[in-house]
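Please open the model in a viewer and keep the sequence panel visible. The tour below proceeds by selections, each followed by a description of what is found there.

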Amino acid sequence: MATATPSAASRIAVVTGASGGIGAATARRLAAAGYRVVLTARRKDRIEALAEEIAASGGQATAYALDVTDRAAVDEFASAFRTIGVLVNNAGGALGADPVATGDPADWRQMYETNVLGTLNVTQALLPALTESGDGTVVVLSSTAGHGTYEGGAGYVAAKHGAHVLAETLRLEIVGTPVRVIEIAPGMVKTDEFALTRFGGDAEKAAKVYAGVAEPLTADDVADTVAWAVTRPSHVNIDLLVVRPRAQASNTKVHRDL
């Protein structure tokens, strides 16, 4: 099936957490698909460099430094748009892998604020512009963690389950409006920073996550699914797309050649 070309009214795509990994890869894919991409993240230098890269490749991109947990800043950002076509809620992440009995409440709080409240803030602020476009799409990057528990992951699982429920409920509440709600739930994705951040910069612990796994997903793999879902014809909604590497059958069942 051919991809749908975005209309003029829906050609702007906002991507949160676009400074690296899945967010940056998604921004590149959407720019290549004809969207004018608005890159948001806290690390201004990175999104400015990405905007320059996209422009050099013939695309259109604008960088805007933004912390999605700062509601006042999000509202100010959103006020610049009368219409947008796509919002990709990618900002998020995991911190720690401690059991419930010893998990750090500060880590839990930060994960909830970024993965859930950050998604809520940006979605609420941009929903009027998405609706005004007449053909809007909200994408929530959740995780297979939001669909199944595993030991040592309760804080992240709880946060991503919150993101999943947010997407599912929003879809129910706005049915009949010209806005789709898509959830992409990736499994094991190897990026430069995800596991390293989760384990506080401990490279040895981060490497163990992928040890023996021949081909974990890449950021480009996930970005490809986002771009595919977004560019389906307007009447087609990909409610939930779960994507894992072939070596991963579930959150707790992974084939490793060790």
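Begin with L126 in helix α4: the helix bends there by about 45°, and a proline, P128, follows within four residues. The coordinates shown are those of a predicted model.

**The helix α4 and its ends**

Extend the selection to residues 105-132, the whole of α4. For its 28 residues a span of 40 Å is expected at 1.5 Å a residue, and the 39 Å between its end C-alpha atoms agrees with this.

Move next to the N-terminal end of α4 and select D104 with A106. D104 serves as the cap here, with a side-chain oxygen placed 2.9 Å from the backbone nitrogen of A106. At the other end, select G134, just after α4; this glycine takes a positive phi of about 80°.

Before leaving α4, select A125 together with D75. D75 belongs to helix α3, residues 71-78. Although 50 residues separate D75 and A125 along the chain, their C-alpha atoms are 5.8 Å apart. Is D75 buried, exposed or partly exposed? D75 is partly exposed, because its relative accessible area is 37%.

**The sheet**

Now display the strands alone. Seven of them form an open sheet with parallel pairing, and the order to trace is β3-β2-β1-β4-β5-β6-β7. Select residues 60-65 (β3) and 240-243 (β7) to see the edges: each of these strands has a single partner, so one side of each is left without a neighbour in the sheet. From one strand to the next, the twist averages 15°.

To see a helix against this sheet, add residues 44-56, helix α2. α2 packs on the sheet and touches β2 (36-41) and β3, and its direction makes about 175° with that of β3.

Select β1, residues 12-15. I12 and V14 point one way and A13 and V15 the other, and all are buried. In a regular strand, side chains alternate between the two faces of the sheet. β1 pairs with β2 in the parallel sense over four bridges; to view one of them, select V14 and its bridge partner in β2, V38.

**Strands β5, β6 and β7**

Continue to β5 (residues 136-141) and β6 (residues 179-186), which pair in the parallel sense over six bridges. Two positions are convenient to select: G136 has V179 as its bridge partner in β6, and V139 has I182.

How many residues of β6 are buried? Eight of the eight are, so β6 is largely enclosed by the rest of the structure. Colour V179, V181, E183 and A185 in one shade and R180, I182, I184 and P186 in another, since the two sets point opposite ways from β6.

Proceed to β7, which runs parallel to β6 and is joined to it by four bridges. Select A185 and, opposite it in β7, V242. Which residues of β7 form its covered face? L241 and V243 do, whereas L240 and V242 form the uncovered one.

**The loop at G146 and helix α5**

Select G146, in the loop between β5 and α5 (154-173). This glycine is buried, because its relative accessible area is 5%. Leaving aside residues up to four places away in sequence, G146 touches V157, K160, H161 and H164. Add A163 as well: 17 residues along the chain from G146, its C-alpha atom is 7.5 Å from that of G146.

Then show α5 in full. Its 20 residues reach 28 Å from the first C-alpha to the last, close to the 28 Å expected at 1.5 Å a residue. Its buried residues include G155, Y156, V157, A159, K160 and G162. The buried residues of α5 pack against α4, β5, β6 and α6 (194-198).

**A last stop: R28**

Finish at R28, in helix α1 (residues 21-32). R28 is partly exposed, with a relative accessible area of 36%. Show L50, E53 and I54, which R28 touches when residues up to four places away in sequence are not counted. For a distance label, choose the C-alpha atoms of R28 and A51, which lie 23 residues apart in sequence and 9.2 Å apart in space.

Note on methods:
Residues are numbered from 1 along each chain as its sequence is written. This is a predicted model: local features need pLDDT of at least 70, side-chain atom pairs count only at pLDDT 80 or more; totals for chains, interfaces and linings use all residues. Side-chain values use heavy atoms; hydrogens and water are left out. Two strands pair if DSSP finds at least two bridges between them. Axes are lines fitted to C-alpha atoms, for helices over the stretch in contact, and angles run from 0 to 180 degrees between N-to-C directions. Contact means heavy atoms within 4.5 Å. The expected span of a helix is 1.5 Å times one less than its number of residues. The bend at a residue is the angle between axes fitted to the seven residues ending there and the seven starting there. A polar contact is a pair of N or O atoms within 3.5 Å; within protein, one must be able to donate a hydrogen and the other to accept it, and residues adjacent in sequence count only if both atoms are side-chain atoms. Buried means under 20% relative accessible area, exposed over 50%, partly exposed in between (1.4 Å probe, protein chains only).
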